[in-house]
Amino acid sequence: MQGDAYLKCVDPQCGLEYPIENTNVQCEKGHMLDVKYKNKPSSSLKEVFYERRNSEGSIFNESGVWRFRDLLNFCQIDTENLDECSKYLVSLDGAEGRQSKPYHMSKAAEFIGISNNNLWLQPEGYNPSGSFKDNGMATAVTHAKMIGAKKIVCASTGNTSASAGMFAANEGMNCDVYIPAGQIAPGKLSQAYQFGAQIVEVDGNFDDALKQSLDDAQNHDGYTVNSINPFRIEGQKTIPFRALEYLDWESPDWIVYPGGALGNTSSCGKALMELYEWGWIKKIPRIAVINSEGASTLSDLYNGKFEGEEIRWNKGNPNTELISRYYNHLDKEGLKPKTKATAIQIGRPANILKGLRALEFTNGVATTVSDSEMLDGMSVVGLNGFDCEMASGASVVGIKKLIDEEIIKKDDIVVGILTGRQKDAMIPVDYHRNPENRFAIPPKN
Ligand code: F0G
């Protein structure tokens, strides 16, 4: 297996390659990188993954991430050898991804207007730090450990910092987190403090915090664990892996995510590209990305709402100048991303190019939903006995909107990802106190 994994620039005209120990998140021409594997994994591994659900005392079988380790084997270890695994793979005692799988939720299906059998919602909020981030943090911190990093660094709307803090504390690493001051949920901020991270408050939004954190990582020997890190993307591939495994590797018609920095979109696209290339799936599910109306960069550009051009990956030739002009326009007009769903309050999605590649490969769509719609989506999930945060509600109401527009057909099979658990206790309280809200159950006295 030695030499199987390497890094490659995503721009097909550039295609620069680097050894797996490389820590730059971009090639020297400034393009993003992918982790690539030379060997094609045999589909007989599907059986192995299934058998590992009976963990037989191995935390790497318990882990919903490392159960699929053969498909993320950038450490290039002999995957059958548990001692080898323990030397390299970073895990929260097997808890990352362990409780994540798709469920039917009848009240959500009724609200959406789809048959209960056709709708699957996959909560990622039951990860140890309370969001999908633990999937990718397990792999990013594994790479950080591989190259001997002492400090991990991130910018965050809250969940990344909670996850990074938790992993850093477990691994005895230092952790700096850059957060947009006053714009993250209190429960997320308190997690970062609790896990001993060094918080750096940035007077600005997430986009400003990311810029500052990248400078800090470069100048002070920090290892960046935001989703622009290609190793984060590897771990997040296990979100669609788990969904597909529960559907017996029969592709659904759609996989739906809330869209922020577009790490999820990118990782789902990469997972599907690989599975299709290897012949593990015959049909490519379409990805739908749901932006908030107040932070709609992808949806605006993809749907031609800016200068009339619908931006596309265009086989690796996207119109990046259009993206720059869009960002200049935001700056000039003083337009800042604004949504109560602070997790996805992002104006400059760092993974936009990989996101466009994913949408092109899957014939995907992007759309927007309002804050009040997201609150309804979040609340109807609650009525099924599941917890999720407001940004995750975007998946539910995004599916509803796309069904109402007949983009998703009523007999399509749809998997929606519920990205995180509620960490802002007052959001449901305020929602239910207002009898005008669709699912409100106001208090009595
Ligand atoms: N949902 C939740 C709950 C999130 O925390 C995030 C991103 C997203 C969706 C968007 O996912 O970036 O992959 O498109 N949160 C990041 C953070 C930015 O810092 O915690 P994406």
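## Pocket, cavities and ligand

Asp34, Lys36, Met273, Glu277 and Arg357 lie nearest the centre of the second largest pocket, which has a lining of 24 residues. The model is predicted, so that local features need pLDDT of at least 70 and side-chain atom pairs pLDDT 80 or more, whereas totals for chains, interfaces and linings use all residues. Residues are numbered from 1 along each chain as its sequence is written, and side-chain values use heavy atoms, without hydrogens and water.

**Exercise 1.** Describe the second largest pocket by its volume, its contributing elements and the classes of its lining residues.

*Solution.* Begin with the volume, which is about 520 Å³. A pocket here is an open set of points on a 1 Å grid with protein on both sides within 12 Å along at least five of seven lines, while a cavity is a set where a 1.4 Å probe fits but cannot get out; lining residues have an atom within 4 Å of a point. Next, take the elements that give two or more residues to this lining: they are the strands β1 (5–9) and β3 (33–37) together with the helices α11 and α14 (352–362), helices being DSSP runs of at least four residues and strands of at least two. Finally, sort the lining of the second largest pocket by class, which yields 10 nonpolar, two polar and 12 charged residues, with Gly counted as polar.

**Exercise 2.** Find the cavities of 30 Å³ or more and characterise the largest cavity and the second largest cavity.

*Solution.* A search of the whole structure gives three cavities of that volume or more. The largest cavity holds about 340 Å³ of space, and among its 27 lining residues Phe132, Lys133, Gly260, Ala261 and Ala343 lie nearest the centre. At least two residues of this lining come from each of α6, α8 (206–219), α9 (230–236) and α11, and α11 gives the most, with three residues. By class, the lining of the largest cavity comprises 12 nonpolar, 12 polar and three charged residues.

The second largest cavity has a volume of about 90 Å³. It is lined by 13 residues, of which Ala185, Lys188, Glu389, Asp424 and Ile427 are the closest to its centre. Six of the residues in this lining are nonpolar, two are polar and five are charged.

**Exercise 3.** Locate the ligand and work out its surroundings.

*Solution.* First, place the ligand: it sits in the largest cavity, in the sense that more than half of its atoms lie within 2 Å of the cavity's grid points. Second, list the shell of 18 residues around the ligand, of which Lys133, Thr157, Gly260, Ala261 and Thr419 are the closest; a shell residue has a heavy atom within 4 Å of the ligand. This shell divides into six nonpolar, 10 polar and two charged residues. Third, examine the ligand's oxygen atoms: a polar side-chain atom of serine 156 lies 2.8 Å from one oxygen atom of the ligand, a polar backbone atom of alanine 261 is 2.8 Å from a ligand oxygen, and for a polar backbone atom of glycine 263 the distance to a ligand oxygen is 3.1 Å. The elements that give two or more residues to the shell are α6 (159–171) and α11 (263–277).

Technical notes. Polar contact = N/O pair within 3.5 Å; in protein donor to acceptor, adjacent residues only side chain to side chain. Points joined across faces, edges and corners; volume = space filled by probe spheres on them.
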